[in-house]
Amino acid sequence: MLQTTQSLREDQWNDPMLVAEYAGEIFGYLFDSEPGVMADPKYANNQQHEISWKMRSVLVDWVIEIHYLFDLLPETLFLAVNIIDRFLSLRTVALGKLQLVGISSLYIATKFEENTCPIMQDFLYMTDKAVTEDEFIKAERFIMQILDFRLCYPNPLNFLRRVCTEEMNCDVHTRTLARYFMEISCIDHRFIGVRPSKIAAAALWLSKKMLVKGKWNSHLTKLSGYAPHDFRCTVEAMLDFLSQTVTHDAFFKKWSTKRASKASIFVRDWINRYYIN
């Protein structure tokens, strides 16, 4: 059960931006609202006729590349992928319109999450003139109508930050590696039906495991709402994805940069040493 009481430090209680007195209620609400904003994990088989899971992963990899080039917030990426999946769960889309859905979803997420948003022409440029301005505006309006304007998505970052705020052994390297693992859930369709809070817990556990940052104790179980046996299948899915040949170039390159602490290179080496062999 997710802990809804706080054990924050005095400086955190005194920081008005943290609204510490409401943290329990906020995260309790986010935890309870997860199922209502999750996509159908089988929509490629049930709803779509021309779009496969492989095509979806190619689209998301392209969205990740644009997201990285525009230097957008990580929350924007999670929301964009959630919008794509929820829309495709509700409406059948022709293959030729899949790129339009992807770029429109990223634009919507950008306007919702960012303080400053790149202009529409920047997004259109990334499609290499495959999408017109009129199509872009109509797609944005249609997607919002289909989703009933519901954009408040409790992404995995929310839950990771909650745990790392109170966990003393959660340094910058642990958080960075956990964020890398959480973004796997954007690429791999097997995570569509997994709650974001569980993805966050699994990512943090795996990060601590690789970096040898201590064991998952009862305090972490209370903070995250999950014990290791609860997210074992999620961790195994992450490891399975990481052990495969790299096919999503943008995703791997993004996390191989110095800015990302070369997380993907470190993980690839760890996988080859301790998991595959």
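Q: What makes Asn155 a cap of the N-terminal end of H9?
A: In this predicted model, a side-chain oxygen of Asn155 lies 2.8 Å from the backbone nitrogen of Leu157, and because a polar contact is a pair of N or O atoms within 3.5 Å, this pair qualifies, with Asn155 placed at the N-terminal end of H9.

Q: Why is helix H9 called mostly covered?
A: A residue counts as buried when under 20% of its relative accessible area remains, and 9 of the 11 residues of H9, which spans residues 156-166, are buried. Among them are the charged-type residues Arg162 and Glu166, as well as Leu157, Phe159, Leu160 and Val163.

Q: What covers the buried residues of H9?
A: With contact taken as heavy atoms within 4.5 Å, the cover includes helix H2 (23-33), helix H5 (74-90), helix H10 (172-187), helix H11 (196-211) and helix H12 (218-224).

Q: How do you know that the protein chain, with its 15 helices and 0 strands, is as compact as a globular protein of that length?
A: The radius of gyration is 19 Å, close to the 19 Å that the globule rule gives for 277 residues, so the protein chain is as compact as a globular protein of that length. Its C-alpha atoms fill a box of roughly 50 × 50 × 35 Å along the principal axes, and 52% of the 277 residues count as buried.

Q: How do you know which contacts in the protein chain join residues at least 24 apart?
A: Among contacts between residues at least 6 apart in sequence, 77% join residues at least 24 apart.

Definitions and conventions:
Residues numbered from 1 in each chain as written. Predicted model: local features only at pLDDT ≥ 70, side-chain atom pairs only at ≥ 80, totals over all residues. Heavy atoms only, no water. Rg over C-alpha atoms; globule rule 2.2 N^0.38 Å. Buried < 20%, exposed > 50% of the residue type's maximum accessible area, 1.4 Å probe, protein only. Helix = DSSP H or I, 4+ residues; strand = E, 2+ residues; numbered from the N terminus. Polar contact = N/O pair within 3.5 Å; in protein donor to acceptor, adjacent residues only side chain to side chain.
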